[in-house]
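This report describes one protein model for a reader who has not seen it before. The sequence and the structure come first, and the description follows.

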Amino acid sequence: TECVSGCMCPDGLVLDGSGGCIPKDQCPCVHGGHFYKPGETIKVDCNTCTCNKRQWNCTDNPCKGTCTVYGNGHYMSFDGEKFDFLGDCDYILAQDFCPTNMDAGTFRIVIQNNACGKSRSICSLKITLIFEVCLEGVISEDFAAINVASPYTPTQGGYIVIETDQGMNFMWDQKTTVVVHVAPSFQGKVCGLCGNFDGRSRNDFTTRGQSMEMSIQEFGNSWKITSTCSNINMTDLCADQPFKSALGQKHCSIIKSNIFEACHSKVNPIPYYESCVSDFCGCDSVGDCECFCTSVAAYSRSCSRAGVCINWRTPAICPVFCDYYN
């Protein structure tokens, strides 16, 4: 009924946020807190998404599955479920010798945690790879002596890497980090601590007996293949170490800092930050940075998979001597 001061667009147009007016179908799309103009594309996993009339139109390519184990018993399954599990037995991490796989099995990966002396922290993993031939965890000591015929291709650098013709790739940093990639053809055909890769994280805690388990400890123990071992319950490693906890929070804050700011909207940093602080408290000495570096590197890998590459290592922070490994 009366005039109001301000800027308005003519009928049929809307403000573009920069002082101009545009048709509605020219509005941008939003992803990860960023705006993209119509026609612009982004990569989401292995698919390409194009902005069109405020909506993302994405390709529907099947993507490979990635399972990661790092630090003091931190897992991320093929379907993205994050959980913590500890034990000093041998456990099936991933395999395709499963009831849901009608084809003949091709691989099994067995891991064992090695504790740091009397501490509550994990120093390294013992790995056993079982194909049509057996590759033992001693490959880190005498890697050059392995004579593996095709279709298994081993290489060594910063990581020990084994690639198979069937589409399973295995990476190990010879410490506490293992990354397993499986091709889309393995979807719904794998099982173990890494889950079943069926696109649904809600059923990842399926036991060896094919039952759904609410307790992570019971789920994990169902995949052990040795009986002469103990079941370790997860505890708060920082509860009785306030000094280490405070120092861990200071060091691990790099994950929440502006160094990783470009990744925060794509990958939630909080679980990785909490894992980092917990692992820091479990280290034998305050100066032991391996626990800290492993967690930060895990977040960096997740960011990289989300399309954000962060150059976070420095000569003072978790350096990697690339010339040595090259």
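Strand 17 and strand 18 run antiparallel and are joined by five bridges. Strands here are DSSP runs of E with at least two residues, helices are runs of H or I with at least four residues, and both are numbered from the N terminus. Two strands count as paired if DSSP finds at least two bridges between them. Opposite M168, in strand 18, stands V182. The two strands form a hairpin with five residues between them, and Q174 in the turn has a positive phi of about 65 degrees.

The model is predicted: local features need pLDDT of at least 70, side-chain atom pairs count only at pLDDT 80 or more, and totals for chains, interfaces and linings use all residues. Residues are numbered from 1 along each chain as its sequence is written, and side-chain values use heavy atoms, with hydrogens and water left out.

Strand 17 also pairs with strand 16, in the antiparallel sense and over four bridges. In this pair I160 stands opposite W172 of strand 17. The hairpin of strand 16 and strand 17 has three residues between the strands, and G167 takes a positive phi near 110 degrees there.

In a regular strand the side chains alternate between the two faces of the sheet. Strand 17 has a covered face with M168, F170 and W172, while N169 and M171 are on the uncovered one.

**Nonpolar cores**

Which residues touch the most other members of the largest nonpolar core? They are L93, I109, F170 and V180, in a core of 37 residues. A nonpolar core is a set of buried Ala, Val, Leu, Ile, Met, Phe, Trp, Tyr and Cys residues joined through side-chain atoms within 4.5 Å. Buried means under 20% relative accessible area, exposed means over 50%, and partly exposed lies in between (1.4 Å probe, protein chains only). Among the strands that each supply at least two residues of this core are strand 12 (108–115), strand 16 (160–164), strand 17 (168–172) and strand 18 (178–182). Strand 11 gives the most, with four residues. I109 touches, among others, L93, F170 and V180, not counting residues up to four places away in sequence; a contact means heavy atoms within 4.5 Å. Apart from this core lies another, of 27 residues, which include C238, Y273, C293 and I310.

**A three-stranded sheet**

An open sheet of three strands has the order 5-6-7, with antiparallel pairing. Its edge strands are strand 5 (41–44) and strand 7 (55–58), each of which pairs on one side only. Strand 6 (residues 47–52) is joined to strand 7 by four bridges, and C51 has W56 in strand 7 as its bridge partner.

**Three polar residues**

D198 lies in the loop between strand 18 and helix 1 (216–221). Is D198 buried or partly exposed? With a relative accessible area of 23%, D198 counts as partly exposed. Its contacts are D79, Q187, G188 and N203, leaving out residues up to four places away in sequence. The C-alpha atoms of D198 and F78 are 8.4 Å apart, although 120 residues separate them along the chain.

T207 is found in the loop between strand 18 and helix 1. T207 is buried, at 6% relative accessibility, and touches E213, F219, S222 and W223, not counting residues up to four places away in sequence.

S275 lies in helix 4 (residues 270–282) and is buried, with a relative accessible area of 8%. Not counting residues up to four places away in sequence, S275 touches Y70, H74 and S295.

The table lists polar distances for two of these residues. A polar contact is a pair of N or O atoms within 3.5 Å; within protein, one must be able to donate a hydrogen and the other to accept it, and residues adjacent in sequence count only if both atoms are side-chain atoms.

| Side chain | Partner | Distance |
|---|---|---|
| D198 | R200, backbone nitrogen | 3.0 Å |
| D198 | N203, side chain | 2.7 Å |
| S275 | P271, backbone oxygen | 2.9 Å |

**The protein as a whole**

The secondary structure comes to six helices and 18 strands. Of the 326 residues, 42% count as buried. Residues 24 or more positions apart account for 49% of the contacts with a separation of 6 or more.
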